[in-house]
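Got a minute to look through a model together? Here it is, with some questions and answers to follow.

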Amino acid sequence: MKKTVFSAMRPTGKLHLGHLVGALHNWLDFQENYRCIFSIVDWHALMGEYEQSKDIHENILEMAIDWLACGIDPKKSIIFIQSHVPQHLELAMIFACLTPLGWLERNPTYKEQLREIQTRDLQTYGFLGYPVLQAADILLYKAQAVPIGEDQLPHIELTREISRRFNHLYKKEIFHDCEAILTKTPRLLGTDGRKMSKSYQNAVNLSDDEAQIKGKVSKMFTDPKRIKLSDPGHPKKCNVYSYYQVFAPDKSEDVYQWCSKAQKGCSECKKILTAAIDQYLTPIREKRKEFENDKTRVKKILDEGREQAAEIAENTMQEVKRSVF
Ligand code: SF4
């Protein structure tokens, strides 16, 4: 029996290169070796974006199309929309009853987001309870492993604490500790050198065409000390070079040479990178088009995923309810 991996994304906008190298590449590997359950977590999107709730619906389908275009295979993985499996909220409600408020208020990610995100009102009951719903998402499928970045470690710890508290209170070993898989992801910053994010408008999207990629790459920050063509550059300090390492690793040695020996200018270097990213994204874009033109197929995949997920979720909820009531 393969181990179960649960992972999810919030449908908050178009997927970009950061999602591809930070999550989807790992998911492609996981689906060969684990039973994978991938969820489009629209309740989580609503918690942070409730003022723009109309966008969530459209983003869900776009996200499913991106996943499928990148190679997430419904024959190997369960792909579904969180809100279509109502057991997520049922289990979250039970967990909410037994989770001490202090555990949530102490959560460093919660505190950081309240501090950093000024553009949205996050002082809500729902947002504080975000990790409770996340614990329900994971434990509903009794996932043994969850791929995460280091910043998500406190959430996994909270999931473990909630599951242990549940088992202790109801004297049943229903849930087991889940393990965090700390994924290796290349560091890919946005085109302006900040964290890549839709809100900073500094990302190359998976659906971008060559002209859009060119526009974004041409504005990328480079080594600030390289002002003239004759100035030798420092590729390791240049964001463009880090993109080469991910999307055209076969060219990165050449880039290192031409930059540090001042043999090519930044515009030419960016032109070559644009072509490399475009070539990288072409098969994904073509697949994307196929799914965009056949949304009935995409909806059918999501519906079949919902049926598979709901069956597992209902079995867990039966056990949970027998223990609690
Ligand atoms: Fe960056 Fe390329 Fe310019 Fe070197 S030549 S500073 S790697 S853009």
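**Around the ligand, then along the helices**

Helix 12 (252-260) and helix 13 (266-292) each give at least two residues to the shell around the ligand. Helices (H or I, at least four residues) and strands (E, at least two) are DSSP runs, numbered from the N terminus. This is a predicted model, where local features need pLDDT of at least 70 and side-chain atom pairs count only at pLDDT 80 or more, while totals for chains, interfaces and linings use all residues. Residues are numbered from 1 along each chain as its sequence is written, and side-chain values use heavy atoms, with hydrogens and water left out.

Q: Which residues are around the ligand, and how many of the shell are nonpolar, polar and charged?
A: A residue counts as near the ligand if one of its heavy atoms lies within 4 Å of it. That gives Thr222, Asp223, Arg226, Cys238, Val240, Val255, Cys259, Cys266 and Cys269. For the classes, Ala, Val, Leu, Ile, Met, Phe, Trp, Tyr, Cys and Pro count as nonpolar, Asp, Glu, Lys and Arg as charged, and the others, Gly among them, as polar. The shell then splits into six nonpolar, one polar and two charged.

Q: Where does helix 13 bend, and by about how much?
A: Helix 13 has 27 residues and spans 36 Å from first C-alpha to last, close to the 39 Å expected at 1.5 Å a residue (1.5 Å times one less than the number of residues). A bend is the angle between axes fitted to the seven residues ending at a position and the seven starting there. Pro283 follows the bend within four residues. The bend itself is at Thr282, by about 40°.

Q: Which residue is the kink in helix 1 centred on?
A: Helix 1 (residues 17-33) has 17 residues and reaches 24 Å end to end by C-alpha, close to the expected 24 Å. Its buried residues include Leu17, Leu20, Val21 and Leu24, where buried means under 20% relative accessible area, exposed over 50% and partly exposed in between (1.4 Å probe, protein chains only). The kink is about 35°, and its centre is Ala23.

Q: Why does Ala313 count as buried, and how far is its C-alpha from that of Lys142?
A: Ala313 lies in helix 14 (residues 295-324). Ala313 counts as buried because its relative accessibility is 0%. Ala313 and Lys142 are 171 residues apart along the chain, and their C-alpha atoms are separated by 9.1 Å.

Q: What is phi of Lys142 near?
A: Lys142 sits in the loop between helix 8 (130-140) and strand 4 (145-148), and is partly exposed, with a relative accessible area of 30%. Most residues other than glycine have a negative phi. Lys142 has a positive value, near 50°.

Q: Which loop holds Ala262, and what is its phi near?
A: Ala262 is found in the loop between helix 12 and helix 13. Its phi is positive, in a residue other than glycine, and lies near 55°.

Q: Why does Lys172 count as partly exposed, and how far apart are Lys172 and Gly102 in space?
A: Lys172 is in the loop between helix 9 (153-170) and strand 5 (179-182). Lys172 counts as partly exposed because its relative accessibility is 42%. Lys172 and Gly102 are 70 residues apart in sequence, and in space their C-alpha to C-alpha distance is 25 Å.
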